[in-house]
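Here is a short report on one protein model. It moves from the overall fold to single residues.

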Amino acid sequence: SLAKFGLSHMISLIYHWAGQGFINIKTLENDVELKKNGELPKTANKYELTLYKGIFGKSNMIRITELNSNSFARAWTKAFKQLNDKVVQEGIFNKNTIKFGKYLIQTGVVVLFSTIAYIFYEYSHYGNYQGPLSAAISSIVMIGFGLIMPKRAKNGTKQYANLIGFIEFVKTAEIDKVRKLY
C-alpha cells in the first residue's frame with residue numbers, strides 16, 4: 001500500500017543520509033543519536049529537505065526520543081504529502097486509486113462514529129444493538145479497503161519488480177560481489 005511504501009521510504013532516508021555522509025548514527029543504551037554533518041544538497045527531493053529540516057531544526061544533534069514535538073510531526077506530515085505527490089507525478093502509484101482510497105477511509109470513519117453513537121442510543125433506549133453492529137463492521141471493512149486501495153501504476157510495478165530482484169541479489173550474492181559494486 002501507499003502508506004507502507006511511504007513509511008518505509010521515509011525511515012530508510014535516515015540510513016541513506018548516513019551512507020552519504022550527511023549524518024552519523026550512534027546507538028545508545030535506550031536511544032539513538034543522530035548527528036548532522038552538513039546540509040543536504042539543494043538538488044535533494046523536496047520531501048527529503050522537509051524531513052531533514054524537521055528532524056534537526058536548528059540543532060546539529062538530536063536523539064530519536066526527542067522527536068515527539070509538534071514541529072517534527074508537522075514536518076513528517078508535510079514530507080509524507082510531498083512524497084505522495086512525487087510518486088503520483090512519477091507514475092509509481094495511480095492517482096485515482098489514491099483519491100478513492102481516501103474517500104473510502106473518510107466515509108468509513110463517518111459511518112463508524114455515527115454507528116457507534118446509534119448503538120449507544122439503541123442500547124440505552126431499547127437494549128438492542130444487533131442491527132447497527134453490522135454497519136459498524138461494514139465501516140471497518142470499508143476503512144481497511146481504503147488503506148489497501150492505492151494501486152501501483154505500470155511504472156511503479158516495473159520499479160517494484162526491479163527492487164525485488166535487487167533484494168534477492170543482495171540476499172544471495174557473495175559479499176565480495178556486492179563490494180565490487182561499490
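Along the sequence, the elements follow the pattern α-β-β-α-β-α-α-α-α-α. That gives seven helices and three strands. Helices (H or I, at least four residues) and strands (E, at least two) are DSSP runs, numbered from the N terminus.

The model is predicted: local features need pLDDT of at least 70, side-chain atom pairs count only at pLDDT 80 or more, and totals for chains, interfaces and linings use all residues. Residues are numbered from 1 along each chain as its sequence is written, and side-chain values use heavy atoms, with hydrogens and water left out.

## Overall figures

The protein has 182 residues, and 29% of them count as buried. Buried means under 20% relative accessible area, exposed means over 50%, and partly exposed lies in between (1.4 Å probe, protein chains only). The protein exposes about 12,800 Å², with 60% supplied by carbon and sulfur atoms. Accessible areas come from the Shrake-Rupley method with a 1.4 Å probe; for residues, only the protein chains shown count as cover.

Contact means heavy atoms within 4.5 Å. Take the contacts with a separation of 6 or more: 61% of them link residues 24 or more positions apart.

## The sheet

The three strands form an open sheet in the order β1-β2-β3, and the pairing is antiparallel. Two strands pair if DSSP finds at least two bridges between them. β1 (23–27) and β3 are the edge strands, each pairing on one side only. From one strand to the next, the twist averages 20°.

β1 and β2 make a hairpin, with four residues between them. Five bridges join this antiparallel pair. One partnership runs from Asn-24 to Lys-35 in β2.

β2 and β3 also run antiparallel, joined by three bridges. Here Leu-34 stands opposite Ile-62 in β3. Glu-33 stands opposite Arg-63 in β3.

A helix lies across these strands. Helix α2 (residues 46–56) crosses β1, β2 and β3 and runs at about 115° to β2. Axes are lines fitted to C-alpha atoms, for helices over the stretch in contact, and angles run from 0 to 180 degrees between N-to-C directions.

## Salt bridges

How many salt bridges does the structure hold? There are two. A salt bridge is a side-chain nitrogen of Lys or Arg within 4 Å of a carboxyl oxygen of Asp or Glu.

| Salt bridge | N to O distance |
|---|---|
| Arg-63 with Glu-33 | 3.7 Å |
| Lys-36 with Glu-39 | 2.9 Å |

What does the bridge between Arg-63 and Glu-33 tie together? Arg-63 lies in strand β3 (residues 61–63) and Glu-33 in strand β2 (residues 32–36), so the pair ties together parts that are 30 residues apart in sequence. Arg-63 is partly exposed, at 36% relative accessibility. Glu-33 is buried, at 12%.

Glu-33 has further neighbours. Residues up to four places away in sequence aside, Glu-33 touches Asn-24, Ile-25, Lys-26, Leu-28, Met-61, Ile-62 and Arg-63.

In the other bridge, is Lys-36 buried or exposed? Lys-36 is buried, with a relative accessible area of 11%. Its partner Glu-39 is exposed, with a relative accessible area of 55%.

## Ala-75 and its contacts

Ala-75 sits in helix α3 (residues 70–89). The residue is buried, with a relative accessible area of 10%. Which residues does Ala-75 contact, leaving aside neighbours within four places in sequence? They are Thr-50 and Gly-54. Thr-50 is 25 residues from Ala-75 along the chain, yet their C-alpha atoms are separated by 6.1 Å.

## A nonpolar patch

Turn now to the surface. Leu-133, Ile-137, Val-141, Phe-145, Leu-147 and Ile-148 form a nonpolar patch there, with about 560 Å² of accessible area together. Patches are made of residues with over 30% relative accessible area and no salt bridge: like charges are joined within 9 Å, nonpolar side chains (Val, Leu, Ile, Met, Phe, Trp, Tyr) within 5 Å. Leu-133 lies in helix α5 (residues 130–148). With a relative accessible area of 34%, Leu-133 is partly exposed.
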